[in-house]
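User: I would like to learn how to read a structure step by step, with the general idea coming before each case. Could we begin once the model is in view?

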There are 2 protein chains.
Amino acid sequence: MKIEENGVFSSHFKEGKDSDGTCVETQRNVYRDTNAVPRNFDSTTLHLGLKEGQIASRILTVGCPGRAGLIAKVLDKSSPIFSHTSPRGFTTYTGTFERTRVSIIAIGMGMPMMDFLVREARQLVSKPLLITRFGTCGALCPDVAVGSVVVASPGSVSVMRNPDAFLPLPTPSGTSADEIDPIATGGAPHVRPPYLVFAPQLADPVLTQALLGELKEQLGSEHVRRGMNVSACSFYSSQGRRDAFFDDRNEDLLDVLRERHPSLASMEMESFQLLALARASRESVRAAAASIVVANRPTGDVCDEARLAYLERAGGEAMVRALVRFED
Amino acid sequence: MKIEENGVFSSHFKEGKDSDGTCVETQRNVYRDTNAVPRNFDSTTLHLGLKEGQIASRILTVGCPGRAGLIAKVLDKSSPIFSHTSPRGFTTYTGTFERTRVSIIAIGMGMPMMDFLVREARQLVSKPLLITRFGTCGALCPDVAVGSVVVASPGSVSVMRNPDAFLPLPTPSGTSADEIDPIATGGAPHVRPPYLVFAPQLADPVLTQALLGELKEQLGSEHVRRGMNVSACSFYSSQGRRDAFFDDRNEDLLDVLRERHPSLASMEMESFQLLALARASRESVRAAAASIVVANRPTGDVCDEARLAYLERAGGEAMVRALVRFED
């Protein structure tokens, strides 16, 4: 794979190796326009470190930079591939697949990172955006096998730790998260619920259908299924993991979530934010999401690494194919 | 600075360069214990990529890996320094300062990343933890100058976009975030507030005092001040930045926050989670936070890069000194 800069200027921050081998940024741009969507003075956005021309209107986003690099191998060898890792932890590959421009972008973990991606990508591309996510997830029911892929159809809910619930009662004045439907409290309405569950954000149905089709074609339909996703604000408390060091009150959280949304299949940390921002984008972003099942929470099964590597490569290729063949 | 592995085994994931120069993980461990705090089979935690002995009970956490590397230069040259960057975006330096062990850890951005740090550090260290954060922030009042440092005294509130508010009314059944004190809605109680504000989480007062003392000593007391912090769930909508591409309803958000918490001085994306988890830690974590002011939101001023680099080095040294001199 040939890595080239695709724009006139290098967008890379200058880096220097000092005498002991530590890599240090030696130039950091002062930015402008802090009350809107700021840019560095070289016109790159603050966090992705990209400017116009370096990102396509069709974007596949993943977590790990390693997965982005693996999937980028499917890009056409005949066209230059732009590649950039920003100091803020975003790795971008932009090239073509079947002659259509596409970007593969690793964002790391968590909904704030997805927010950076969608916001900054929206600033940099004039056309409508298509964004799909290919992440990893835990399965919430025993029949969703590790080593399969779940497409988030119809979309995603989200679960968030309610920090106010962990403060001493009575309510401190100025608290705003009181009086919420106490779904996770065992029904005592005067107790603040320790977790908040937000309503479903829908995936684009046509793009979702395209992901399902290509994934089934590539992986076999028995390894691909649909289901509601839930994005959690953390990997630990809001995913119902037990940790005696902390007051988490999450013993019944997975049960409550499954009761409330019987079609819940997968749990991860990013897709909800993508779908919610697409919805808030004044119809300028269409989005859908799929995830590789790396663990099954009820059974404790974990995917072996050979199967995971296969799904990253083959599933990633199917995700890219769905994106570039999609007629917007 | 001499970089050495401090343990018996290398904790680094094996990486290979393939023929075209792309860096790919060639070995990824399957993990165990997915319903608690999982570990890889080499005993490292899943995200920090560390195991016992590689992290100290005194931790300074920052955002950028570059800042962690700069600050790590103050560590004693006479002792080995352990260094590791995990595939999940965490960079750790562990060494000694004034002969006391300390870790400097870059976590990237967002509250989920802080959650990974606190949870996995707590698993790896048997002693009580002291964790301080040295981040960057925007100032919320004109008199907090760029190029100064704000210590989050008494602590931090948080502001979160309420995704339910951006769904069409009436309330979809199953929504849980209704009926919240409508602070950011102009007072119409039937409208779901577009932002949720969570109550203050207090910093450890003694550790906060120690940070203030060392920072004032190092930087001059005129460049250090106290103030309530607010951590936002994003850099954009929940920080009141304007972006016509999205439905954000955040025009009055900064005013509402300042009205509600008149001592608000700084806004960033991580400190609240640190303080909230310390509070929930059954007294096993003490925490405090400070931030370099890189932008002033009311005036639009932005810190120049020389001043920022100075504050990272000198302020970072003061933060490390406060941490290792603290008597727990």
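User: In which strand of chain B is B:Pro154 found?

Analyst: Some ground rules come before the case: this is a predicted model, in which local features need pLDDT of at least 70, side-chain atom pairs count only at pLDDT 80 or more, and totals for chains, interfaces and linings use all residues. Residues are numbered from 1 along each chain as its sequence is written, chains are lettered from A and ligands numbered from 1 in the order in which they are written, and side-chain values use heavy atoms, with hydrogens and water left out. Helices (H or I, at least four residues) and strands (E, at least two) are DSSP runs, numbered from the N terminus. B:Pro154 is found in strand β10 of chain B, which covers residues 149-161. The peptide bond that joins B:Ser153 and B:Pro154 is cis, with omega about 15°. In chain A, the bond from A:Ser153 to A:Pro154 is cis as well, with omega near 10°, and A:Pro154 is found in strand β10 (residues 149-161) of chain A.

User: How should I read the relation of chain A to chain B, and what turn lays one on the other?

Analyst: Two copies of a chain are related by a rotation about an axis and a shift along it. Copies are superposed by least squares on the C-alpha atoms of residues with pLDDT of at least 70 in both. Here a turn of 180° and a shift of 0.0 Å along the axis lay chain A on chain B with an RMSD of 0.0 Å. That is the relation of a two-fold axis. The same surface serves both copies, since 99% of the contact residues of chain A recur in chain B, where contact means heavy atoms within 4.5 Å.

User: How do I describe two helices that pass each other, and at what angle do α3(B) and α6(B) cross?

Analyst: Axes are lines fitted to C-alpha atoms, for helices over the stretch in contact, and angles run from 0 to 180 degrees between N-to-C directions. Angles under 35 degrees count as roughly parallel, over 145 as roughly antiparallel, 65 to 115 as roughly perpendicular and the rest as oblique. The axes of α3 (residues 205-219) and α6 (residues 305-325) of chain B come within 8 Å and cross at roughly 140°. That makes α3(B) oblique to α6(B). The residues of this contact divide into 10 nonpolar, two polar and four charged, where Ala, Val, Leu, Ile, Met, Phe, Trp, Tyr, Cys and Pro count as nonpolar, Asp, Glu, Lys and Arg as charged, and the others, Gly among them, as polar.

User: What about α1(B) and α6(B): which residues meet there?

Analyst: The axes of α1 (residues 65-72) of chain B and α6(B) come within 9 Å and cross at roughly 65°. That makes α1(B) roughly perpendicular to α6(B). From α1(B), B:Arg67, B:Leu70 and B:Ile71 meet B:Glu312, B:Arg313, B:Gly316 and B:Val320 in α6(B). The residues of that contact divide into three nonpolar, one polar and three charged.

User: Is B:Leu311 buried or exposed?

Analyst: Buried means under 20% relative accessible area, exposed over 50%, and partly exposed in between (1.4 Å probe, protein chains only). B:Leu311, whose place is in helix α6 of chain B, counts as buried at 0% relative accessibility. Leaving aside neighbours within four places in sequence, B:Leu311 is in contact with several residues, including B:Phe134, B:Val149 and B:Ile292. In chain A, A:Ala322 lies in helix α6 and is buried, with a relative accessible area of 3%. A:Ala322 and A:Ala210 are 112 residues apart in sequence, yet 5.6 Å apart in space, C-alpha to C-alpha. A whole helix can be read in this way too: eight of the nine residues of α5 (residues 271-279) of chain A are buried, among them A:Phe272 and A:Leu275.

User: Which loop holds A:Glu98, and what is its phi?

Analyst: A:Glu98 lies in the loop between β7 (91-97) and β8 (100-106) of chain A. A:Glu98 has a positive phi of about 50° although it is not a glycine, and at 40% relative accessibility A:Glu98 counts as partly exposed. In chain B, B:Asp33 has a phi near 70°, a positive value in a residue other than glycine. The place of B:Asp33 is in the loop between β3 (31-32) and β4 (39-40) of chain B, and at 48% relative accessibility B:Asp33 counts as partly exposed.
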